Amino acid sequence: MEINVCSVAMLYRQPLTVFARTLWPLGGRAPAPQDKVRSRGRGARRWLSTYRERGSRRVSAEPEHISTLRLAPGDGGRRRHGGDPAASTADQVSALRGVWLPSSRPSELPAPYGPWMEIAHDLPQLIASHRLRSQVHQMPQLSTQHLRGREELHLAHLVLSFITMGYLWQEGEEGTVKVLPRNLAVPFWEVSQALGLPPILSHADFVLANWKRKNPNGPLEIENLDTIISLPGGESLRGFILVTLLVEKAAVPGIKAIVQAIRAITQLDEETLHKALQELAEAIGDMSKALKQMHDYVDPAVFYAVIRIFLSGWKDNPAMPDGLIYEGVSNEPMAYSGGSAAQSTVLHAFDELLGIRHSEESTAFLHRMRGYMPPPHRAFVEAIRRAPSLKQHVLSSGDARLCAAFNQCVSALADFRSYHITIVTKYIAVAVAKAKARRAEPGDRAGPSAGKPPSALEAKGTGGSHIFSFLKSVRDTTREGMISA
């Protein structure tokens, strides 16, 4: 199986074009789980060609005019190597440097979308003053047909998802709404359909697409980075997003190592495989080092009391048990999980390569989170799953060096997950205890921007998992993936 390393670069610049052409060489798009049915409403026929979650079942709904939104020619797909599986590794790595570290990236939508950008850039102030909902109600109904290319579409998804989260959670968990207004819901749905993403803020929006360099020629380091769109939380929100981005950045050599390892297995090149495993273990270790910066840039009290609610979804959330109606899309409520680190491609990719097998419950949750990845990301993870088994190759080789290198990767991954538990303990468990101690004290009910912590997700992650049992379970099953001596 040939995987184009150049495509790895897109993971951070254009999360929607990653791996697409290499994994689907006939030129078609990667298949998505779609059910196509027809419906009638107000005398007009609608094609329903996507899925949404409500409870445990899939429901389809798509207005007919969504089909008019298409990616324009020259959409930034970077076709130079994507369709050529014979491209040399040297050329691919060269392309990686040029594409993954772009000199510029769009941070503003075209002029017709000025009303969206104006609201998006003022979200913290609008939420703090309780004016966001009224501003959204006055927002014009804009067509999505002026959006050109994946970069503009993904920026639009970022903008609309942030506005949506602010609109839903402006008044905290006790002041939620049941309906997302048409002038926000319809364009958000259209853009989501064009990208194959759910209409909610996901990891791909919150982190992968939400950064820019202050100095275009400067390094990709936190001092030279800023977010494109923000929410309440100030510098702690900025730090949370950008530290998470740096964790993803640290993973890039590991993603490259996956490609090299799979190629080495198919070519029976044990020396290259050993080197790839060493590079993977080093990359995972660097992810842990990057994650430690969270302590320097994120205040636990601000994260828990202010930031966390805006990452919450409307599936498995007691604050919104019935989901959300997207006006103009469907009369029935839809349920989507909030943003979660479980939506990041890199840990799924590492698990698949190393053959880590989690519990049935954890696996079900992780596989559901893959539905929140851009479709090419899901296709990449699936391609790794279908590749020859690394673990079986190492076992059958009888090579002690390979066995040690494999175990080093598994150990590094377990250590990363252990440190993630340490972070979650500090930023959620300890913060919950402090919030409970303050809950009986008199105070206003001014919503999340004033620091009223949510109680509905005290024991759950923003993605809806039972957070500590889930994290400990995946850490423990990772350790069980070691090869015994």
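Begin by selecting helix α17 (residues 360-369) together with helix α21 (residues 467-479), whose axes come within 10 Å and cross at roughly 105° in this predicted model. Angles of 65 to 115 degrees count as roughly perpendicular, and α17 and α21 are therefore roughly perpendicular to each other. To see the contact itself, show the side chains of Ser 362, Phe 365 and Leu 366 on α17, and then those of Phe 470, Ser 473 and Val 474 on α21. Coloured by class, the residues of this contact divide into 4 nonpolar and 2 polar, with no charged residue among them.

Keep both helices displayed, since the next stop is the second largest pocket, and α17 and α21 are among the elements that give two or more residues to its lining. Select Ser 340, Ala 341, Ala 342, His 420 and Leu 471, which of the 50 lining residues lie nearest the centre of this pocket. The space in the second largest pocket comes to about 1000 Å³. Which helix gives the most to the lining of the second largest pocket? That is α20, with 7 residues, and α20 can be selected as residues 400-439. Other elements to add around the pocket include α12 (234-266), α13 (270-291) and α16 (345-354). If the whole lining is coloured by class, it shows 27 nonpolar, 15 polar and 8 charged residues.

For the last stop, turn to the aromatic rings, of which the structure holds 8 pairs. Select Tyr 326 and Tyr 336, an edge-to-face pair with 6.2 Å from centre to centre and 90° between the planes. Tyr 326 belongs to strand β8 (residues 325-326), whereas Tyr 336, 10 residues apart from it, sits in the loop between β8 and α16.

Technical notes: Residues numbered from 1 in each chain as written. Predicted model: local features only at pLDDT ≥ 70, side-chain atom pairs only at ≥ 80, totals over all residues. Heavy atoms only, no water. Axes fitted to C-alpha atoms, helices over the stretch in contact; angles between N-to-C directions. Helix = DSSP H or I, 4+ residues; strand = E, 2+ residues; numbered from the N terminus. Parallel < 35°, antiparallel > 145°, perpendicular 65-115°, else oblique. Contact = heavy atoms within 4.5 Å. Nonpolar A, V, L, I, M, F, W, Y, C, P; charged D, E, K, R; others polar. 1 Å grid on protein atoms, 1.4 Å probe; cavity = no way out; pocket = protein on both sides within 12 Å on 5 of 7 lines; lining within 4 Å. Points joined across faces, edges and corners; volume = space filled by probe spheres on them. Phe/Tyr/Trp six-rings, centres within 6.5 Å; stacked < 30°, edge-to-face > 60°.
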